[in-house]
Amino acid sequence: MSVGIVAARYAKSLIELAKEQNVVEAVYADMKLFLDTAHQNRGLMLALKSPVVRHEKKLAILKAIFFERVNPVSYSIFTIITKKNRESILDAIAEEFITAYDEYRGIQKATVITTTPLTEELRKQFNKIVADATGKTVELEEKVDPSLIGGYLLRVNDRQIDASIKSRLNELKLQFVN
């Protein structure tokens, strides 16, 4: 079974447990903390993914780092995952949990890439476009890429609107080649 499917199942179970215990927000913060820690400390994920490091040692590492800092529900998933020998996918589980949390809260993440930083008016327009299309609250990530030359690139889930001058120029280039 693929990592994504397994991680999604664990994340779904975790969000259901968090709902039952009424600690969804705390578990969300804990999963963000875990991901931030994993991204900042490459050694942590290398240890968790290593087949050489024993599972007891991996649990001891997780306990030393997170036991005092996270909700007991969050720590319980670390324990369960380690006992099932799946600690190598903890980062994927945390990412899937954050996705499930966004779905639970009705939040839609979108990325807009432009050549210059967005003005407040443009930000509102992009928020409105995504909100109208999805019916959800929008969390807009903004990126600047001068190589687009002009226009924008808007990504929502697996959909993309490419209204950049760079893509138009590439289309023209292909037409001239043919």
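A salt bridge is a side-chain nitrogen of Lys or Arg within 4 Å of a carboxyl oxygen of Asp or Glu. Side chains of opposite charge can pair when their charged atoms come close. The structure is a predicted model, in which local features need pLDDT of at least 70 and side-chain atom pairs count only at pLDDT 80 or more, while totals for chains, interfaces and linings use all residues. Residues are numbered from 1 along each chain as its sequence is written, and side-chain values use heavy atoms, with hydrogens and water left out.

**Salt bridges**

The structure holds 12 salt bridges. The table lists three of them.

| Pair | Closest N and O atoms |
|---|---|
| R105 and E25 | 2.4 Å |
| D91 and K49 | 3.9 Å |
| E141 and K143 | 3.9 Å |

The pair R105 and E25 links distant parts of the chain, 80 residues apart: R105 is in helix α6 (residues 90–105) and E25 in helix α2. Helices here are DSSP runs (H or I, at least four residues), numbered from the N terminus. R105 has a relative accessibility of 40%, so this residue counts as partly exposed. E25 is also partly exposed, at 39%. These classes have fixed cut-offs: buried means under 20% relative accessible area, exposed over 50%, and partly exposed in between, with a 1.4 Å probe and protein chains only.

D91 and K49 form a salt bridge too. D91 lies in helix α6 and K49 in helix α3 (residues 42–49), so this pair ties together parts that are 42 residues apart in sequence. K49 is partly exposed, with 44% relative accessibility.

In the pair E141 and K143, E141 is partly exposed at 40%, and K143 is partly exposed at 39%. Elsewhere, D102, K109 and E139 are joined into one network by salt bridges that share partners.

**Helix packing**

How are helices α2 and α3 placed relative to each other? Their axes are 4 Å apart and meet at an angle of about 100 degrees, where axes are lines fitted to C-alpha atoms, for helices over the stretch in contact, and angles run from 0 to 180 degrees between N-to-C directions. The two helices are therefore roughly perpendicular (65 to 115 degrees). On the α2 side F34, T37, A38 and Q40 take part, and they meet R42, L44, M45 and L48 of α3.

T37 belongs to helix α2 (residues 24–40). Its relative accessible area is 15%, so T37 is buried. Apart from neighbours within four places in sequence, T37 is in contact (heavy atoms within 4.5 Å) with L44, I65 and F66.

Helix α4 (residues 55–66) and helix α5 (residues 72–83) pack at an angle of about 170 degrees, and their axes are 10 Å apart. This makes α4 roughly antiparallel (over 145 degrees) to α5. H55, L59, L62, K63 and F66 of α4 make the contact with Y75, F78, T79 and T82 of α5.

**A nonpolar surface patch**

Which residues form a nonpolar patch on the surface? They are I149, I165, L169, L172 and F176, which together have about 520 Å² of accessible area. Such areas come from the Shrake-Rupley method with a 1.4 Å probe; for residues, only the protein chains shown count as cover. Patches are made of residues with over 30% relative accessible area and no salt bridge; like charges are joined within 9 Å and nonpolar side chains (Val, Leu, Ile, Met, Phe, Trp, Tyr) within 5 Å. One of the patch residues, L169, is found in helix α8 (residues 165–177). L169 counts as partly exposed, at 43% relative accessibility.

Conventions: Angles under 35 degrees count as roughly parallel, over 145 as roughly antiparallel, 65 to 115 as roughly perpendicular and the rest as oblique.
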